[in-house]
Amino acid sequence: MNRIAVVPGSFDPVTLGHLDVIERAARLWDEVHVVVVHNPDKSALLPIAQRVALLEKSIEEAGIVGSIVVASWSMGLLVDYCTDVGANVLVKGIRSQVDVAYETPMAIVNRHLADVETVFLLPNPANAHVSSSLVRQVSALGGDVSPYVPPAVFELLSSR
């Protein structure tokens, strides 16, 4: 029986912190689904299809090994995706107490709705301050985001 985990996020854009979580999840589970989810509360910089493509390219370029599926999900509950693929674990990277406070109620509801557990992975200290929103803001103001994002994302953001 394969142990399947889902790593969800907006990935707008994918950062080195995201790749760190994906790589560690790939070492812990037999199969990892990295799922770009639509968040109606956020204004997206990149369309979902482009985020999926950037994730695939970034995972490949980073040399992350394992059985990794990159997908998107915008209809229904994330736990419905988990049920569809046979996953019983969501993996979330958390950077601070703010993330814990935000993610805890969702983790409890996901467990209640579909018996899907949530596992929190702490960040690599080098990436603990990095978020997609910070990357978007720094990039929009002409700052160098190369220390925070994979090469494919840096190339894309530099060309805008």
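This section describes the largest pocket of a predicted model and the strands and helix that contribute to its lining.

The volume of the largest pocket was computed as about 1300 Å³. Its lining comprises 46 residues, of which G9, S10, K92, Y102 and E103 lie closest to the pocket centre. Two or more lining residues come from each of the strands β1 (4–9), β4 (89–93) and β5 (117–121), and likewise from each of the helices α1 (16–28), α4 (97–114) and α5 (132–140). The greatest contribution is that of α4, which supplies nine residues. By residue class, the lining consists of 21 nonpolar, 17 polar and eight charged residues.

Among the contributing elements, β4 is mostly covered, with four of its five residues buried. This strand pairs with β1 in the parallel sense through two bridges, and L90 of β4 is the bridge partner of V6. β4 is also joined to β5, again in parallel, by five bridges. In that pairing, V91 stands opposite V119 of β5. β4 therefore has parallel pairings with both β1 and β5.

The connection between β4 and β5 also involves the helix that gives the most to the pocket lining. Together, β4, α4 and β5 form a β-α-β unit of right-handed sense. Each of these three elements is among those that give two or more residues to the lining of the largest pocket.

Definitions and conventions: Residues are numbered from 1 along each chain as its sequence is written. This is a predicted model: local features need pLDDT of at least 70, side-chain atom pairs count only at pLDDT 80 or more; totals for chains, interfaces and linings use all residues. Side-chain values use heavy atoms; hydrogens and water are left out. On a 1 Å grid over the protein atoms alone, a cavity is a set of points where a 1.4 Å probe fits but cannot get out, and a pocket is an open set with protein on both sides within 12 Å along at least five of seven lines; lining residues have an atom within 4 Å of a point. Grid points are joined across faces, edges and corners, and a volume is the space filled by probe spheres set on the points. Ala, Val, Leu, Ile, Met, Phe, Trp, Tyr, Cys and Pro count as nonpolar, Asp, Glu, Lys and Arg as charged, and the others, Gly among them, as polar. Buried means under 20% relative accessible area, exposed over 50%, partly exposed in between (1.4 Å probe, protein chains only). A crossover is right-handed if, with the strands pointing away from the viewer, the path from the first strand over the helix to the second runs clockwise.
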